[in-house]
Amino acid sequence: MATVYADYTRDRTGLFFGLSGGQLITLVVAGAPALWAFQRQEWAAVVGLVLAWLVVLALVAIPIRGRSATGWLVASAAHLVGMTLRWSRWRSKAATGRGEDLAEPDLPGVVAGISVHDGPPQGPTNTRVAIIQDHPNRLWAATAAITHPGLALADSTERDAQARGLTTLLNACARTELISEVLFLVRSVPEDGAERDQWLTRHQPATAPALARAVNEQLAATLSQASVRTEAFCTIVVPEDRLAREAREFGRGVDARARAMAMLMAEVEAQLRTGMRIGTVTWLTSPQLAVAVRTGFAPGDRAGIVDALAARDTGADVNAEVPWSQAGPSGADLTVRHYSHDAWHSTSATLKLPARGAVLGALAPVLVPTEPGERRSMAVVFPILAQSVADRQTQNAEWSADMAETLRSRAGVKTRAKDQTVIARTRGLDAKLATGNALIRPYAVACVTVPRTLRIAEFGRRLDASIRRAGFAPLRLDLAQDAGFAAANLPLGIGLDRKADQ
């Protein structure tokens, strides 16, 4: 029987009836005028101030689809301002005739501050791995294309072994005291049949019978529409302040940081191959990463890229590389519930962890397309907290849990079984940290991409249904669809939460 993993807790435990310290202070301050008016027996003022306090309570304490009402108001106002000033509409430099440097990335939204550098030569072929620099967030990243046999035919023993391998990988990354995040990104892409067409071109004899040719072509057309191809990537992320200290041993500048990243990549690759049974780990070069980004924005462009690579291999004078200035879309528009990029629509949702837990491989239904032409993608992010931060947060969580339980007891409120389970798990974190385990804050983002000729709202509902069928609860990333798309589709180390080391 497969192991069910449910040993996770909330990021923060409320002090009083689920309220955080800031929320409790806000409500106390907002209720003080009502108490003052009650003391002076000014009943009309008491009624008005109580109504005002109830409004503050609704704005601060009542969550609406994962956010408070105040958070929704701020996000809605920011989106309205962006729409009015046309900040939410993006056009590439090449589309507007201003493109000059082909090596400079021209990407929209949250990936606008990305730069890609060539690392030092490695291995017998002197491969220069791409090193990603995120200037706004002060982060460095490297991405590898991985090949995994999957878990569909794995028994419970094999699943548990690979789960232990993932734990070993995360603990090893934590012990480096450099890596802050490990991201696994999977894209389930409709099969375009490009490789099969190339194979037929090379092997199909000119004297083949016409009937056999017709049957082969019809089978290829039918099977390609019903087939999908899976792409998987693993990305490690290192903050600039940590990497700068480590890079002093190698010199200065980008080259020193790239050499320090190469050391981390070797450690991670060893863990991926041994513990997680990953057969192939290929760290992407800058041209390969540009192709992965381009096909992330436009899945239909892959067939043309494969044909260009095949023509170049045969000696034809063809430029098969995708320049970074054209790796992104020609245009992108952000709306409330979806993200438009070139001829495609995308909508994203996060996954809420189920209270009863989940088995390894439970997310498989999320990656199953429902119609031809639909692409599913998902990123599972493992932010790793530094040991000092983990100890501090664990102590704060235990204190908050004890305080909340004491306040409930004195107020005569019964602690529900759900709250008791959360408190027990929170108190058990300290023992796990003491045994050398790392504190991780995992989350997952799923995305569906379809051509603009199809209704994205319908496919968004299908994505939500797939998430529920996997045992999780979907939470649509309204007003932040561009960030969700980048996190779930682009192997650039983009995440939704950058507080792991704070």
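Which helix does L54 lie in? L54 belongs to helix 2, which covers residues 43-61. The close-ups below start there and then visit other parts of this predicted model.

**Figure 1. A nonpolar patch on the surface includes L54.** Four residues make up this patch: V47, V50, L51 and L54. Together they offer about 330 Å² of accessible area. Look for L54 in helix 2. Its relative accessible area is 42%, so L54 counts as partly exposed.

**Figure 2. R40 and E42 form a salt bridge.** Here the two side chains meet with an N to O distance of 3.2 Å. How exposed are the two partners? R40 has a relative accessible area of 49%, which makes this residue partly exposed. E42 is partly exposed too, at 33% relative accessibility. While you are looking at this pair, keep in mind that a search of the whole structure finds 18 salt bridges.

**Figure 3. A salt bridge joins E240 and R257.** The N to O distance between these side chains is 2.9 Å. E240 lies in helix 7 (residues 240-247) and R257 lies in helix 8 (residues 253-274), so their meeting ties together parts that are 17 residues apart in sequence. Are these two residues buried or exposed? Both E240 and R257 are buried.

**Figure 4. R462 and E371 meet in a salt bridge that links distant parts of the chain.** The side chains come together at 3.0 Å, N to O. To find the partners, look for R462 in helix 13 (residues 456-469) and for E371 in the loop between strand 12 (344-352) and strand 13 (375-383). The two residues are 91 residues apart. R462 has 22% relative accessibility and counts as partly exposed. E371, at 33% relative accessibility, also counts as partly exposed. This pair has company: E371, E458, R461 and R462 are linked in a network of salt bridges.

**Figure 5. D106 is buried yet has no salt bridge.** You can find D106 in the loop between strand 3 (89-91) and strand 4 (114-122). Which side chain of opposite charge is nearest to D106? That side chain belongs to K93, and it is 5.3 Å away. A salt bridge needs a nitrogen within 4 Å of a carboxyl oxygen, so a separation beyond that cut-off does not count. The backbone of K93 tells another part of the story: its nitrogen lies 2.7 Å from a polar atom of the D106 side chain. Leaving aside neighbours within four places in sequence, D106 is in contact with W90, S92, K93, A94, W324, S325 and G328.

**Figure 6. E398, in helix 11, touches residues from further along the chain.** Helix 11 covers residues 387-411. Which residues does E398 touch, not counting those up to four places away in sequence? They are T426, R427 and D430. For another distance to trace, pick I423: E398 and I423 are 25 residues apart in sequence, and their C-alpha atoms are 7.9 Å apart in space.

**Figure 7. A316 sits in a loop and is partly exposed.** The loop that holds A316 runs between helix 10 (302-313) and strand 10 (331-334). A316 has a relative accessible area of 35%. Now look across to R273, which is 43 residues from A316 along the chain. The C-alpha atoms of A316 and R273 are separated by 37 Å.

Note on methods
Residues are numbered from 1 along each chain as its sequence is written. This is a predicted model: local features need pLDDT of at least 70, side-chain atom pairs count only at pLDDT 80 or more; totals for chains, interfaces and linings use all residues. Side-chain values use heavy atoms; hydrogens and water are left out. Buried means under 20% relative accessible area, exposed over 50%, partly exposed in between (1.4 Å probe, protein chains only). Helices (H or I, at least four residues) and strands (E, at least two) are DSSP runs, numbered from the N terminus. Patches are made of residues with over 30% relative accessible area and no salt bridge: like charges are joined within 9 Å, nonpolar side chains (Val, Leu, Ile, Met, Phe, Trp, Tyr) within 5 Å. Accessible areas come from the Shrake-Rupley method with a 1.4 Å probe; for residues, only the protein chains shown count as cover. Lys and Arg count as positive and Asp and Glu as negative; His and the chain ends are not counted. A polar contact is a pair of N or O atoms within 3.5 Å; within protein, one must be able to donate a hydrogen and the other to accept it, and residues adjacent in sequence count only if both atoms are side-chain atoms. Contact means heavy atoms within 4.5 Å.
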